[in-house]
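Reader: I'd like to go through the labels on this one and see what backs each of them. Can we take them one at a time?

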Amino acid sequence: MTKDTSGPAFPTHPDGALINDGMTLRDYAAIKAMQGFVMDDVLCKEAATEPEWYANIAEASYKMADAMLKARQA
């Protein structure tokens with residue numbers, strides 16, 4: 001199953017030619033969500049190890065991004 005990424009967030013189109021697709025809108029939304037999650041102690045306290053903390057933040061960030069893309073389609 002392929003996730004809907006909703007295309008590039010920052011494509012470059014000089015003179016109409018696509019040079020760089022940029023990151024996906026899904027990745028951009030996940031990065032923005034991640035910034036908030038990193039500042040929240042809840043995900044840190046729920047993790048037993050540092051790698052688990054990173055994994056929790058990454059998973060939560062993409063879940064938030066997917067929810068944002070779903071809401072965008074409504």
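Reader: What makes a polar contact at the start of α3, and which atoms are involved?

Author: A side-chain oxygen of T49 comes within 3.2 Å of the backbone nitrogen of E52. A polar contact needs a pair of N or O atoms within 3.5 Å, where within protein one must be able to donate a hydrogen and the other to accept it, and residues adjacent in sequence count only if both atoms are side-chain atoms. So the pair of T49 and E52 fits. By the way, this is a predicted model: local features need pLDDT of at least 70, side-chain atom pairs count only at pLDDT 80 or more, and totals for chains, interfaces and linings use all residues. Residues are numbered from 1 along each chain as its sequence is written, and side-chain values use heavy atoms, with hydrogens and water left out.

Reader: Why is W53 called buried?

Author: Its relative accessibility is 18%, and buried means under 20% relative accessible area, with exposed over 50% and partly exposed in between (1.4 Å probe, protein chains only). Y54, at 45%, is therefore partly exposed.

Reader: What makes the aromatic pair of W53 and Y54 tilted?

Author: The structure holds 1 aromatic pair, and W53 and Y54 form it at 5.3 Å centre to centre with 45° between the planes. Rings of Phe, Tyr and Trp (its six-membered ring) pair if their centres lie within 6.5 Å; planes under 30 degrees apart are stacked, over 60 edge-to-face, and the rest tilted. So 45° lands in tilted.

Reader: Which other residues of α3 are buried?

Author: Besides W53, the list has N56, I57, A60, S61, A65 and L69.

Definitions and conventions
Helices (H or I, at least four residues) and strands (E, at least two) are DSSP runs, numbered from the N terminus.
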